[in-house]
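Here are a few exercises to work through with the model open beside you. Take them at your own pace, and try each task before reading its solution.

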Amino acid sequence: MIKDPEIFRYVDIPNFPKSTVRGHAGRLVFGTLKGKPCVCMQGRFHLYEGYAIQKITLPMRVFKLMGVQTMIMTNAAGGLNQDFKVGDVMIIKDHINMPGFAGANPLCGPNEDRFGVRFPCMSDAYDRELRRQALAVGAELGFSDFLKEGVYCVLGGPSFETIAECRMLHLLGADAVGMSTVHEVIVARHAGMRCFALSLISNKAVMDYESAERANHEEVLETGRQRAVQLEKLVSTLVGRVEQYNNHCC
Ligand SMILES: O=P(O)(O)O[C@@H]1C[C@H](O)[C@@H](CO)O1
């Protein structure tokens, strides 16, 4: 996918966290995609790995300092919306930062004025133009059947949710639940980067006490493998259409 790749292992980058999750390679890949210079993270960091929330989001500030203007993120998530199927791809239009309700926000602590303001706006966290373009690209590629839009809720993990928790999150307006992305988006938006994110619905959240289904990481990885080619096509086509971005925060 990336042309002329230059690869750096996280373990070789000073102060960079290390990937501990199975299926996450733990490498930064620099190169070009559809002629655009880019850097890709092969593996991200999660609260449940035991890192401080500021450490999880350190790469976003590194990217900002390197001149990155647009962040495209993907994750795997459990589907709460009853219209979603395993294998659907949800364009994130908004989020619910559940750890943030308890004070776990990556911007806690002294504000780094060189990146952004003390109280950044989040009502426009997921770029409307990129979402519109992604829907158009998805339609052109024949992906409309499995391309959805919705609200992503982040939890701390690593345990998957109980049935009562899934029901509550659904009532609160979440369409999918996961363990990442939101902290990264908050830091990227604070620094004025444009954000776009996709959730692959890797499993259905269990909402029914009679169900025999159990969330598990194997199913998450397997759904990822099955949709990898289409996700790559969607993201690379979108990248090819991304225009230069002039930084402006609200
Ligand atoms: O990094 P993401 O959010 O895609 O990974 C999800 C959440 C957990 O790390 C894992 C659970 O299977 O997948």
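**Exercise 1. Find the residues that surround the ligand, then pick out polar contacts to its oxygen atoms.**

Step 1. Keep in mind that this is a predicted model. Around the ligand you will find H24, R44, H46, Y48, N75, A76, F160, M179, S180, H217 and V220.

Step 2. Now look at side-chain N or O atoms, using a cut-off of 3.5 Å for a polar contact. H217 has a polar side-chain atom 2.6 Å from a ligand oxygen. For H46, the distance from a side-chain N or O atom to an oxygen of the ligand is 2.7 Å, and for R44 it is 3.2 Å.

**Exercise 2. Trace the barrel and place the helix that packs on it.**

Step 1. Follow the five strands in the order β4-β7-β6-β5-β8: they close into a barrel with mixed pairing. From one strand to the next, the twist averages 50°.

Step 2. Zoom in on β5 (residues 89-97) and β8 (residues 194-204), which are joined by three bridges in the antiparallel sense. I91 has L198 in β8 as its bridge partner.

Step 3. Add helix α6 (residues 182-190), which packs on the sheet and touches β4, β5, β6 and β8. The directions of α6 and β5 make an angle of about 80°.

**Exercise 3. Which element gives the largest share of the largest nonpolar core?**

Step 1. Locate this core of 32 residues; L28, M60, M71, M90, Y126 and Y152 have the most contacts inside it.

Step 2. List the elements giving two or more residues: α2, β4, β5, β6, α6 and β8. The largest share, five residues, belongs to α6.

Step 3. Finally, look for another core of 20 residues lying apart from this one, with I91, L130, L147 and V235 among its members.

How values were computed. Residues numbered from 1 in each chain as written. Predicted model: local features only at pLDDT ≥ 70, side-chain atom pairs only at ≥ 80, totals over all residues. Heavy atoms only, no water. Pairing = 2+ DSSP bridges. Helix = DSSP H or I, 4+ residues; strand = E, 2+ residues; numbered from the N terminus. Axes fitted to C-alpha atoms, helices over the stretch in contact; angles between N-to-C directions. Contact = heavy atoms within 4.5 Å. Core = buried A, V, L, I, M, F, W, Y, C linked by side-chain atoms within 4.5 Å. Buried < 20%, exposed > 50% of the residue type's maximum accessible area, 1.4 Å probe, protein only. Near = heavy atom within 4 Å. Polar contact = N/O pair within 3.5 Å; in protein donor to acceptor, adjacent residues only side chain to side chain.
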